[in-house]
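Here is a short briefing to read alongside the model. It starts with contacts at the ligand and then steps back to the surroundings.

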Amino acid sequence: MVLVSSGMRETLELAARVAPLDTGVLIFGESGTGKEYVIRLIHEHSSRAGQPLVSVNCAALTETLLESELFGHVRGAFTDAIRDKAGLFEVASSGTLFLDEVGEMSAGLQAKLLRALQEREIRRVGSETSIKANPRIVAATNRDLRSAVHAGTFREDLFYRLAAFVIVVPPLRERREAIPALAKEFLQRAAVRFNKDLQGIAPDAMRVLLDYDWPGNVRELEHAVERAAILAAGPRITALELPPELRLQDGGEPVDSGFDLEEHERVLIEKALEQFGGNRRRAAEALNISTVTLWRRIKQYGVRVPPARGGTR
Ligand SMILES: Nc1ncnc2c1ncn2[C@@H]1O[C@H](COP(=O)(O)OP(=O)(O)OP(=O)(O)O)[C@@H](O)[C@H]1O
Ligand SMILES: [Mg+2]
């Protein structure tokens, strides 16, 4: 069993190394850390890449529904079974079957899953015949499965079968060095999605992102950057556009130092332009800079100039 808890690079390296081996993988990580992201990477780098990657959330379905979802059913097996239906084991037989939140599976289903993995065949609910099904099983959990085994709520034999290779995705607060790269990646995605010309993250905003504790991990970071991207008026997102809870840590003190010179310059320019109704000459005079400098700053910060209310611009 391989266990790693350090940086994301190591996590992704492990994923890349286990990908081509046709073995089961168990991904452990808090909510929103990127478990599914790692699983997709494993599937895409495996010999099953052209085949389906099928996901099922074991916590979202009742025991009966999950069983028929996984193994299928025959017509008449229960009231709603109006025709034969293949389960995900068959659908993903040449591909990868992703069991999300596998720790939530009931004892009865754990036994059936173990049997399916051992025999490499399944039986549709209500059927007497076995069908060959051999998907690669990749499972994820945000729960400590080992203590679930100790507590007797998760089968030890199933645990060892699923956890042939364990990959731990560390929480974001333990890999802060990844924040700038992730934030930039999400900003680019948002720029494309919202069709905005967003070029970067102002230092004050980056400071806030680096200081925050990220209980919601990568997904929370993604949403924070998206929100800022929507609100941003200029080409860079600033601390002001980030969700307020990011700036209010430890007793509600804003983390923002308020000393970002460029940010203040941008705000002043916006105020002046607003006050003088978009008249650049008068705004430049008030700011005590030349119109050429003002013009340059407007471009640099991507300031939106209000439409002129008459007069020279
Ligand atoms: N290393 C990464 N690079 C780029 N994007 C990432 C990375 N890790 C995670 N993400 C993105 O973060 C978001 C959350 O990741 P994902 O859905 O894989 O988390 P999860 O651990 O499965 O969450 P949950 O526990 O809620 O199911 C996704 O949009 C994913 O694309
Ligand atoms: Mg997930």
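In this predicted model, a polar backbone atom of Thr33 is 3.3 Å from an oxygen atom of ligand 1. Two further contacts involve residues that follow in the chain: Lys35 brings a polar side-chain atom to 2.6 Å from a ligand 1 oxygen, and Glu36 has a polar backbone atom 3.1 Å from an oxygen atom of ligand 1. With the protein around it, ligand 1 has 83% of its 630 Å² of accessible area covered.

**The pocket and its shell**

- Ligand 1 is found in the largest pocket.
- Helices α2 (35-44), α8 (179-193) and α10 (217-231) are the elements that each contribute two or more residues to the shell around ligand 1.
- In total, 15 residues surround ligand 1.
- The closest of these residues are Gly32, Lys35, Tyr37, Arg219 and Glu222.
- By character, the shell around ligand 1 is made up of 6 charged, 5 nonpolar and 4 polar residues.

**Polar contacts at a glance**

- Lys35 makes its contact with ligand 1 through a side-chain atom, at 2.6 Å.
- Thr33 uses a backbone atom instead, at 3.3 Å from a ligand 1 oxygen.
- Glu36 also offers a backbone atom, at 3.1 Å from a ligand 1 oxygen.

**Where the ligand lies among the domains**

- The domain assignment divides the chain into domain 1 (6-170), domain 2 (186-247) and domain 3 (261-301).
- Ligand 1 lies between domain 1 and domain 2, because both of them give residues to the shell around ligand 1.
- As for domain 3, its centre and that of domain 1 are 58 Å apart, taken over C-alpha atoms.

How values were computed. Residues numbered from 1 in each chain as written. Chains lettered and ligands numbered in written order. Predicted model: local features only at pLDDT ≥ 70, side-chain atom pairs only at ≥ 80, totals over all residues. Heavy atoms only, no water. Near = heavy atom within 4 Å. Polar contact = N/O pair within 3.5 Å; in protein donor to acceptor, adjacent residues only side chain to side chain. Areas by Shrake-Rupley, 256 points an atom, 1.4 Å probe, with all protein chains shown as cover. 1 Å grid on protein atoms, 1.4 Å probe; cavity = no way out; pocket = protein on both sides within 12 Å on 5 of 7 lines; lining within 4 Å. Sits in = over half its atoms within 2 Å of the grid points. Helix = DSSP H or I, 4+ residues; strand = E, 2+ residues; numbered from the N terminus. Nonpolar A, V, L, I, M, F, W, Y, C, P; charged D, E, K, R; others polar. Domains from an automatic or database assignment.
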